[in-house]
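Let's take a walk through this protein together, one step at a time. Have a look at the sequence and the fold first, and then read on.

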Amino acid sequence: MITVRNVLELPVFDNVRLAAPCERYLDRPVINCGTLEGEPFFHDYDMFVPGEFIFTSLGFAQIHPELAEEAMLALIERDVAALAIKPYAIKDLPDTVRQASTRRGVPVFFYDGRYMERILASAMALIDSDAADSGRSQLIDQLLAPSDERQRWPRSSTRSPVSTAPRCNALPFVRLCATWRCCGPSGAASAKPSTTTQPASKRWAELSPASTMI
């Protein structure tokens with residue numbers, strides 16, 4: 001699981017400053033990354049989900065400073081993992097945002113570093129790598145689990161009883177060879193199969209893996 005700490009440790013940051021005190025903010029899980037751009041103009045923040053690490057420059061705050069405060073409060077209420085602001089339009093938080101950040105435990109940072117696209121790419125690569133590792137770990141756990149945990153029969157009173165008779169594992173191969181001899185490699189029907197009765201040992205020799213190579 002990726003946390004706020006893991007994202008902040010990426011080498012794409014030159015300097016990061018916590019803008020308001022928060023408890024245990026470094027351990028908050030991060031499931032995705034995103035940006036805040038034109039959403040404040042439409043007062044629409046529904047696309048932001050809990051666990052997202054949001055990056056923004058709040059460039060619109062130069063003309064509409066009231067929208068910057070609204071946007072930061074909305075993201076905190078959406079319980080994003082963290083909010084990182086490049087100090088371009090604002091360099092400090094309003095008291096309302098500072099108090100909301102501390103109360104909800106959603107950290108707000110001011111940062112200096114590379115271009116936002118480079119930071120987003122690095123953060124997403126970190127999240128994707130962690131997801132891939134988690135998927136491999138789950139697959140290994142399933143493979144190593146006892147067979148009765150990997151596969152369970154459905155509990156149904158109408159299920160047919162399982163046969164205990166010995167099975168011949170060569171039957172699928174016999175059917176494949178018979179189809180090959182009847183239809184040919186191109187799938188087109190060839191000469192009609194012979195109906196001449198042959199001894200069982202001879203028929204099996206013709207269909208055995210040693211004499212039939214596809």
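Two residues are said to be in contact when heavy atoms of theirs lie within 4.5 Å. Please keep in mind as we go that this is a predicted model.

Let's begin with the overall plan. The protein chain holds eight helices and five strands. If you follow the sequence from start to end, these elements come in the order α-β-β-α-β-α-β-α-β-α-α-α-α. Of the 214 residues in the protein chain, 32% are buried. The accessible surface adds up to about 14200 Å², and carbon and sulfur atoms account for 56% of that area. Contacts also reach across the sequence: among those between residues at least 6 apart, 70% join residues at least 24 apart.

Now for a closer look at one residue, R28. You can find R28 in the loop between β1 (13-18) and β2 (32-35). Is R28 buried or exposed? Its relative accessibility is 16%, and because buried means under 20%, R28 counts as buried. Which residues does R28 touch, leaving aside its neighbours within four places in sequence? R28 is in contact with I2, T3 and V4, with D79, V80 and A81, and with R104, G105, V106 and P107. Two of these partners also receive the R28 side chain through their backbone: the oxygen of V80 is reached at 2.9 Å, and the oxygen of G105 at 3.2 Å.

Next, turn to the aromatic rings. The model has seven aromatic pairs. One of them joins F13 and F55, which are stacked, with 6.3 Å from centre to centre and 20° between the planes. F13 belongs to strand β1 and F55 to strand β3 (residues 52-56), so this pair ties together parts that are 42 residues apart in sequence. F13 and F55 are both buried.

F55 has another aromatic partner, Y111. Here the arrangement is edge-to-face, with centres 6.1 Å apart and an angle of 90° between the planes. This pair links F55 in strand β3 with Y111 in strand β5 (residues 108-113), parts of the chain that are 56 residues apart. How much relative accessibility does F55 have? The value is 0%, so F55 counts as buried. Y111 is buried too, with a relative accessible area of 1%.

Finally, step back to see these rings together. F13, F55 and Y111 belong to one aromatic cluster, which also includes Y25, F53 and F109.

How values were computed
Residues are numbered from 1 along each chain as its sequence is written. This is a predicted model: local features need pLDDT of at least 70, side-chain atom pairs count only at pLDDT 80 or more; totals for chains, interfaces and linings use all residues. Side-chain values use heavy atoms; hydrogens and water are left out. Helices (H or I, at least four residues) and strands (E, at least two) are DSSP runs, numbered from the N terminus. Buried means under 20% relative accessible area, exposed over 50%, partly exposed in between (1.4 Å probe, protein chains only). A polar contact is a pair of N or O atoms within 3.5 Å; within protein, one must be able to donate a hydrogen and the other to accept it, and residues adjacent in sequence count only if both atoms are side-chain atoms. Rings of Phe, Tyr and Trp (its six-membered ring) pair if their centres lie within 6.5 Å; planes under 30 degrees apart count as stacked, over 60 as edge-to-face and the rest as tilted. Accessible areas come from the Shrake-Rupley method with a 1.4 Å probe; for residues, only the protein chains shown count as cover.
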